[in-house]
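Work through the exercises below with the sequence and the 3D structure at hand. Try each task before reading its solution.

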Amino acid sequence: MRRLVISEQLYCQQKLKYLDSFLQRSPKPALLVSLMMLTVLSFMAFAPVDLGQAHGTSITYQPTQAIKIEALYDTGEPMSEAQIIVYAPDDPAKPWLQAQSDKNGQFLFIPDYTISGDWAVSIRTAGHGEMLHVPISAEGQVIVPVVNNAPSTLQTILMGAAGLWGFVGTALYFSNRKKS
């Protein structure tokens, strides 16, 4: 075991020496760092933006006579026996209903349709969860939001500019390297 630890230390020291010599030979390490940062930022532009999710969960609802809530982890596994707290729009500080989801991560409740506004539903289990809002109109109808996951125009422009800058920067880096 001791021999393995010493070998790992020597390996790490050799890698550090190699990296140090590479950075000294490199004509512009700042350019390389800039290109790496630009690459990371361009990948971030492709990341889906959904501020409603927390800790890898997917919470959906379907309006019927009752509101059917389905709580899943990112993996598709149900959030079984999750703690559910429902808050009415007229008193959002006081829980209107407390319950648990079933083994399939599902839960049904019938809101008071005479109370219009956003019904807040908190779903939590083992540090995962989120707050879901179920809007009910003054006419007692559940409003189903339209979800659009397509990137915005600004995101599309930034992704294109970042990709172009990455290609140009990489080409400049390698063309400068050939001259040396």
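**Exercise 1. The sheet**

Find the order of the strands in the open sheet of 4 strands, and say which strands are at its edges.

Solution. The model is a predicted one. Step one is the order: the open sheet of 4 strands runs S4-S3-S6-S7, with antiparallel pairing. Step two is the edges: S4 and S7 each pair on one side only, which makes them the edge strands. Step three is the angle: on average, neighbouring strands of this sheet are turned by 15° against each other, direction ignored. As background, strands of a sheet pair through backbone hydrogen bonds, either parallel or antiparallel.

**Exercise 2. Pairing within the sheet**

Go through the neighbouring strands of the sheet and state how many bridges join S3 to S4, S3 to S6, and S6 to S7.

Solution. Begin with S3 and strand S4 (residues 95–100): they run antiparallel and are joined by 5 bridges. In this pairing, Ile84 has Ala99 of S4 as its bridge partner. Next, S3 and S6 are also antiparallel, over 5 bridges. Here Ile85 has Ser122 of S6 as its bridge partner, and Val86 stands opposite Val121 in S6. Last, S6 and S7 pair in the antiparallel sense over 9 bridges. On this side, Ala120 stands opposite His133 in S7, and Ser122 stands opposite Met131 in S7. The hairpin of S6 and S7 has 2 residues between the strands, and Ala126 takes a positive phi near 50° in it.

**Exercise 3. One strand and one residue**

Decide whether S3 is largely enclosed or not, then describe the surroundings of Ser122.

Solution. For S3, count the buried residues: 4 of its 5 residues are buried, so the strand is largely enclosed by the rest of the structure. For Ser122, first locate the residue: Ser122 is in strand S6. Then compare its relative accessible area with the cut-off: buried means under 20%, and Ser122 has 10%, so Ser122 is buried. Finally, list its contacts, leaving aside neighbours within four places in sequence: Gln83, Ile84, Ile85, Tyr87, Glu130 and Met131. Of these contacts, Ile85 is the bridge partner of Ser122 from S3, and Met131 stands opposite Ser122 in S7.

**Exercise 4. The nonpolar core**

Identify the residues with the most contacts inside the largest nonpolar core, and the elements that give two or more residues to this core.

Solution. The largest nonpolar core has 20 residues. Those with the most contacts inside this core are Ile69, Phe109, Trp119, Val121 and Ile123. The elements that give two or more residues are S2 (67–73), S3 (83–87), S5 (106–109), S6 (117–125) and S7 (128–136). Among the elements, S2 gives the most, with 4 residues. Now take Phe109 as an example: not counting residues up to four places away in sequence, Phe109 touches Ala66, Ile67, Ile69, Val86, Trp96, Leu97, Trp119 and Val121. As background, nonpolar side chains tend to be buried together in soluble globular proteins.

**Exercise 5. Aromatic pairs**

Classify the ring pair of Trp96 and Phe109, and then the pair of Phe107 and Phe109.

Solution. The count comes to 4 aromatic pairs. For the first pair, the ring centres of Trp96 and Phe109 are 6.4 Å apart and the planes stand at 65°, so the pair is edge-to-face. Trp96 lies in strand S4 and Phe109 in strand S5, so this pair ties together parts that are 13 residues apart in sequence. Trp96 is partly exposed, with a relative accessible area of 35%, whereas Phe109 counts as buried at 3%. For the second pair, Phe107 and Phe109 are 6.0 Å apart centre to centre with 20° between the planes, and the pair is stacked. Both Phe107 and Phe109 are buried. To finish, place the rings in a group: Trp96, Phe107, Phe109 and Trp119 form one aromatic cluster.

**Exercise 6. The whole chain**

Write down the order of the elements along the chain, and state what percentage of its residues is buried.

Solution. The protein chain has 3 helices and 7 strands. From the N terminus on, the order is α-α-β-β-β-β-β-β-β-α. Of the 180 residues, 26% are buried.

Methods: Residues are numbered from 1 along each chain as its sequence is written. This is a predicted model: local features need pLDDT of at least 70, side-chain atom pairs count only at pLDDT 80 or more; totals for chains, interfaces and linings use all residues. Side-chain values use heavy atoms; hydrogens and water are left out. A nonpolar core is a set of buried Ala, Val, Leu, Ile, Met, Phe, Trp, Tyr and Cys residues joined through side-chain atoms within 4.5 Å. Buried means under 20% relative accessible area, exposed over 50%, partly exposed in between (1.4 Å probe, protein chains only). Contact means heavy atoms within 4.5 Å. Two strands pair if DSSP finds at least two bridges between them. Axes are lines fitted to C-alpha atoms, for helices over the stretch in contact, and angles run from 0 to 180 degrees between N-to-C directions. Rings of Phe, Tyr and Trp (its six-membered ring) pair if their centres lie within 6.5 Å; planes under 30 degrees apart count as stacked, over 60 as edge-to-face and the rest as tilted.
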